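Trainee: I am new to this structure and would like a close look at a single part of it. Please keep the answer in one connected piece.

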Amino acid sequence: MGAGLTLTPTTAQAAENVVWSYAASTGGTYVKVQDSLVNSDLTAQSSVTGGAKSSSSKNSTAAANVAGLLSVGAIETSTSANVNTVAKTTTLNGWARTAKVDLLGGLIRVDALTTTISTVGRADGTASHTANTQFAGIKIVGVNLPLNIPKNYGVTIPGVASISLNMSIHGKVDRTAGTIGWALGVTLLQPTGGYPAGVTILVNPVNQYLSEVDPSSGAGLSGTAYGTRVEANVSDQIQVISDPTARVGTPFGSSNGKTLTNSTLSVKIPGLLTTGVVSSTTTSTKDAFGNAEVTNTNQTAGLNLLGGLIKANAIKVTATGKLQDGVWTSSMKMELVNLVIAGKQIPINVSPNTVINVAGLGEVAINLQRKHPGGAYFNRIDGVRITLSTAQAGLPVGAVIELGVASTAISPQLTAP
């Protein structure tokens, strides 16, 4: 339901020294309407990708809302990968807590949902998972729920929606093991509130994937794309961060030519910025001979920063890195629709690494491009990067605001942990 995946039961593999690459994400909410009329992907998303090294991320947001379908309060998520070179295991952990959940105009209400899901890959090629959701104050109109909700529990609001609770599905297909799960899932059985039947709503969605890789299977890949990010050192001890929005990461072992996406309907940071739809994609391929290609994009629409001091109808950035027969090539591109900074129209063909100093704001870099042609081949483009020279909207001098970011990286040889 909803996640669009089919997993078959895990079976043991005849292997003794499997190396795993990983990709995992955790979110607070996910909404999809049939025919993609509305698609709000993984609010407050945290995610990790990699292989030989451990990694972690976290994210949060004050609230999320999709009119007529979903209203929630504070969301917190964290995602981590622990690569244990002694035990020869890779463990993915996802944790999400969403408060004040109100679905379908009050038909479903929960004070708080806390979900924990883990997937472990072992050196013999086997994988397993654990999953659990804690429910605080859950009420579904017309439904009597058990005090302790079992795993993979289903109920129905007759004629309105089918509901799944405390869900997790685990399996292995070919050389990829995966776990998907969520705390609360809803599928509309008939048109409701102007939305068609088939709408999917997930709260606390978790996606975890482990792929077997051969230490000699060519290049290792990475990279990312996202819409907005804010960072500020308030003091030596405190750092204020608005984590990347609609972030997508490149799988270490490639996406096998498939385009992976993440999107959100809007971003709102009170007093600082608002956006319309933010959408990011990653597409990658590689072979066993060291050839590889990664293309990452972000498109952010309806941008308005600091009450219109910086605004744009749309900013799109694309970063591509390609390694072919030992030769690396890099391409970075920015597309603008009506970018205006302090009342000044910015041309659509603005040169790379253009810098504007705006009085009362700070330094604004446009089409900022960076690349590293040796070792791990890397490139990155920031559509707009602002470094504040004056305090703004609660942010101190030196705070950095990023708008529209895409990067790629290719390590020529994948090395086993």
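Which residue takes a positive phi in the hairpin of S9 and S10, and how many residues lie between the strands?

Mentor: This is a predicted model, and what follows should be read as such. The residue is Leu104, with a positive phi near 55 degrees. Between the strands of that hairpin, S9 and S10, there are four residues.

To place the hairpin, start with its strands. S9 covers residues 89-103, and S10 covers residues 108-122. They pair in the antiparallel sense, over 14 bridges. One pair to look up is Arg97, whose bridge partner in S10 is Thr114.

S9 also pairs with strand S8, made of residues 75-84. Here 10 bridges join the two, and the strands again run antiparallel. Ile75 of this pairing stands opposite Thr98 in S9. The hairpin of S8 and S9 likewise has four residues between its strands, and in that hairpin Lys88 takes a positive phi near 55 degrees.

A further partner of S9 is strand S7, residues 70-72. Two bridges join S7 to S9, and this pairing is antiparallel too. Leu70 has Leu103 in S9 as its bridge partner.

Now set this part against the rest of the protein. There are zero helices in the protein and 33 strands. Among the contacts with a separation of 6 or more, 59% are between residues 24 or more positions apart. Buried residues make up 51% of the 417 residues. The protein exposes about 17900 Å², of which carbon and sulfur atoms supply 52%.

The buried side of the picture includes nonpolar cores. In soluble globular proteins, nonpolar side chains tend to be buried together. In this model the largest nonpolar core has 39 residues, and Leu272, Leu305, Leu339, Val364, Ile366, Ile386 and Ile401 touch the most other members. Strand S26, residues 310-324, gives the most to this core, with five residues. Apart from it lies another core, of 33 residues, and this one leads back to the part you asked about: Ile75 and Leu103 are among its members, as are Ile157 and Ile163. Ile75 is the residue that stands opposite Thr98, and Leu103 is the bridge partner of Leu70.

For one residue of the largest core, take Leu339. Leaving aside neighbours within four places in sequence, Leu339 is in contact with residues including Ile310, Ala312, Ile315, Ile346, Ile366 and Val384. Lys311, Lys344 and Gln345 are also among its contacts.

Definitions and conventions: Residues are numbered from 1 along each chain as its sequence is written. This is a predicted model: local features need pLDDT of at least 70, side-chain atom pairs count only at pLDDT 80 or more; totals for chains, interfaces and linings use all residues. Side-chain values use heavy atoms; hydrogens and water are left out. A nonpolar core is a set of buried Ala, Val, Leu, Ile, Met, Phe, Trp, Tyr and Cys residues joined through side-chain atoms within 4.5 Å. Buried means under 20% relative accessible area, exposed over 50%, partly exposed in between (1.4 Å probe, protein chains only). Contact means heavy atoms within 4.5 Å. Accessible areas come from the Shrake-Rupley method with a 1.4 Å probe; for residues, only the protein chains shown count as cover. Two strands pair if DSSP finds at least two bridges between them.
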